[in-house]
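Reader: I am new to this structure and would like to know what the terms used for it rest on. Please set each value beside its definition.

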Amino acid sequence: MTFEEKITQAVIESIKELYDSTVGAESVTLQKTKKEFEGDFTLVVFPFLKMSRCKPEDTARQIGEKLLEKLPFVQDFNVIKGFLNISVRPEEWIGFVSQECGNDRYGVKTAPEGAAPVLIEFSSPNTNKPLHLGHVRNNLLGDSVSRILEADGNRVIKVNLVNDRGIHICKSMIAWQKYGNGETPESSGMKGDHLVGKYYVEFDKHYKEEIRTLTESGMSEEEAEKKAPILLEAQAMLRKWEEGDTEVRTLWEKMNSWVYDGFEATYRTMGITFDKTYYESNTYLLGKEIVKEGLDKKVFYRHTDGSVRIDLREDGLDEKVLLRSDGTSVYITQDLGTALTRYNEFHPSRMIYVVGNEQNYHFDVLKLILGKKLDYDWGKSIHHLSYGMVELPSGKMKSREGTVVDADDLMADMIAMAAENTAQMGKTDFTPEEAAKLAETVGLGALKYFILKVDPKKNMMFNPNESIDLNGNTAPFIQYTHARIRSLLQKAGFSLENGTLDSNTVLGDPEKEIIRTLYDYPACVEQAAAEFSPAQIANYTYELAKNYNRFYQECPIMRETDTAKRQLRLAISAFTADVIRRSMKLLGINVPDRM
RNA sequence: GGUUCCGUAGCUCAACUGGAUAGAGCAAUUGCCUUCUAAGCAAUAGGUUAUGCGUUCGAGUCGCAUCGGAAUCACCA
């Protein structure tokens, strides 16, 4: 039981005894005491004034007296206005460090046996071009949230849904067929996804050219856009694909396999894996049973033109087509179908979709249909983890204007910058292999942290230059703190086995502050899991590293002659390094022992 | 135009979900490397939380309105 839980319980009892009133744990607001005040936990007593019928100060004092009586670990309290500041005995804090330092399950819950898993879908790339900055945010969020949920005691199944069919891939295919001269990843030395992406751009170039030619010969622009020969060829190819034409399918498989090799390399660099990959070519026909069921239940209806629709106007949305008049599926149809398929396959307790906020409307419709209109219990468990766009100082990313930041290029740049920085600092005692490894850890860490520290739902500004600057609220700062602690511990010969500490050691402010931060870690993980928010972990870790640096500066460990004090500080250091490593892991970021 | 999201220091972001005097970093100025890694620490300066009402003991946070920005409103995915 944590201090908070014990205090909350004691407060409820005290109020019962003092005022003969019953309050729920919800109305007991307990928070961390602000730095400028004395104490560890602060109880806000305003909600209890109606019961006590006296002034805030008096109410606080009365409750404080009771707590002092009931809770042996409470040393003292003070009252400022309606705030009751409670101090915990120093030996309790030292006991906490003694007990948890070196506990490799600290802040980690274990999934209950047989519990339903959480399903999370993320990444979901198209196979016509390489991953870009927007995907990076998606991938990092999905990966990090998975790790956080796992730490919070969930079994997590990570799935990827690859959009491998449709007109976009046919565009790349037709361009490659016409202008590719048989170029392959091997012959060109290009990564497969980049090669296919190149032909997607190539398609656009020829398409634009053809439109110009047509308009110059007198055709309207609108018509030219529809009649450009290369587009007609791509559309014809899509029809052939749907008919199962062997030649088209073979080409499709070949080019897709290039792309998958490329994606695989990118995912590997990012440190991302999936438990299962779905392909839209297998799922795009799903969903028709649901449409049928909806029709039977009279939730959907057949429009006069033959299409199946649902009217969502009374829920503030629009009329939505679910099946085309020719009987084929639209996007929402297959998403309904895949959701059902996945539910039947895994029976998850929750289904999370990491998808950009441009699809908010789509997911509102999906949740409404499955969770309310068709009234599936599992439909209510769908959560759209929506995230904002990544903007650049130069403006928006537009593939046509060549302002897209490619994921592979970006990662390579970050690693190169990290290497250069290390070299500039004159750190020469690394072998070339160690230096390369370090550059990767620091460069990728900087990128991941820069993106994850921002609240997912907000649009964010990605400034390449700033992200490469390794100062401030960044991964390298945290990694550096960790590395310094590790080397300190090594010099001091500290090992976790002798973590049993003298509880009578005097506890100074810097020590207490850092212990207090360490103590907050499990609650932070819990909250981050509840809100799917890696940003909370990131900002917590930064806070921890910053507190440690101050502590490090103010409490010279190696020169400390009092052995008990020195031992405590070493234990705090070891504990801090451990929590840093663990919480950075939740962000998918490694921390080096040396840098 | 309808719907949803956002608006906090010059810039990039926080603020434990309604709590105390709104905090960090960058950029600027100033100190600190014969003492554990200076990728660091300390200090100064920078704010009417877009604006205006309202709700209550208490509002950056909740409600309404206005102004700005973004996304979306396909028988595309």
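Reader: Which residues are closest to RNA strand B, and how many surround RNA strand B?

Author: R324, Y331, D455, G472 and M558 are the closest, and 74 residues surround the strand. A residue is near a strand if its C-beta atom, placed from the backbone, lies within 6 Å of it. This is a predicted model, in which local features need pLDDT of at least 70, side-chain atom pairs count only at pLDDT 80 or more, and totals for chains, interfaces and linings use all residues. Residues are numbered from 1 along each chain as its sequence is written, while chains are lettered from A and ligands numbered from 1 in the order in which they are written.

Reader: How do the residues of the surface near RNA strand B divide into nonpolar, polar and charged?

Author: There are 28 nonpolar, 27 polar and 19 charged residues. Ala, Val, Leu, Ile, Met, Phe, Trp, Tyr, Cys and Pro count as nonpolar, Asp, Glu, Lys and Arg as charged, and the others, Gly among them, as polar.

Reader: What does the secondary structure of chain A come to, and which domains does the domain assignment give?

Author: Chain A has 23 helices and 14 strands. Helices (H or I, at least four residues) and strands (E, at least two) are DSSP runs, numbered from the N terminus. The assignment gives domain 1 (3-88), domain 2 (166-272) and domain 3 (407-586); such bounds come from an automatic or database domain assignment. The centres of domain 1 and domain 2, taken over C-alpha atoms, are 67 Å apart. The C-alpha trace of chain A spans about 90 × 65 × 45 Å along its principal axes.

Reader: Why is F122 called buried or exposed?

Author: A residue is buried if 20 or more other C-beta atoms lie within 10 Å of its own, exposed if 12 or fewer, and partly exposed in between, with C-beta atoms placed from the backbone. F122 has 25 other C-beta atoms within 10 Å, so F122 is buried. F122 is found in the loop between β5 (118-121) and α5 (133-151). Leaving aside neighbours within four places in sequence, F122 is in contact with N138, N139, L141, G142 and V354; contact means that the C-beta atoms of two residues, placed from the backbone, lie within 7 Å. Across chain A, buried residues make up 38% of the 595 residues.

Reader: What makes L452 buried or exposed, and where is the place of L452?

Author: L452 is in helix α17. With 25 other C-beta atoms within 10 Å, L452 is therefore buried. Apart from neighbours within four places in sequence, L452 is in contact with L140, S144, P534, A535, A538 and L587.

Reader: K298 and F532 each have a positive phi although neither is a glycine. Which of them is buried and which exposed, and how do you know?

Author: K298 has 7 other C-beta atoms within 10 Å, so K298 is exposed. F532 has 21 other C-beta atoms within 10 Å, so F532 is buried. The phi of K298 is about 65 degrees, and K298 lies in the loop between α13 (288-296) and β8 (301-302). For F532 the phi is about 50 degrees, in the loop between α21 (521-531) and α22. Most residues other than glycine have a negative phi.

Reader: How do you know whether the span of helix α19 agrees with what is expected?

Author: The expected span of a helix is 1.5 Å times one less than its number of residues. Helix α19 (residues 475-492) has 18 residues and should span 26 Å; its end C-alpha atoms are 26 Å apart, so the two agree. The buried residues of α19, among them I478, H482 and I485, pack against α17 (432-452), α22 (534-554) and α23 (563-586). Just after α19, G493 takes a positive phi of about 70 degrees.

Reader: What makes a set of residues a nonpolar core, and how many residues has the largest one?

Author: A nonpolar core is a set of buried Ala, Val, Leu, Ile, Met, Phe, Trp, Tyr and Cys residues joined through C-beta atoms within 7 Å. The largest has 147 residues, and V97, I148, A446 and A571 have the most contacts inside it. Helix α23 gives the most to this core, with eleven residues. Not counting residues up to four places away in sequence, I148 touches V525, A528, A529, P534, I537 and L586.
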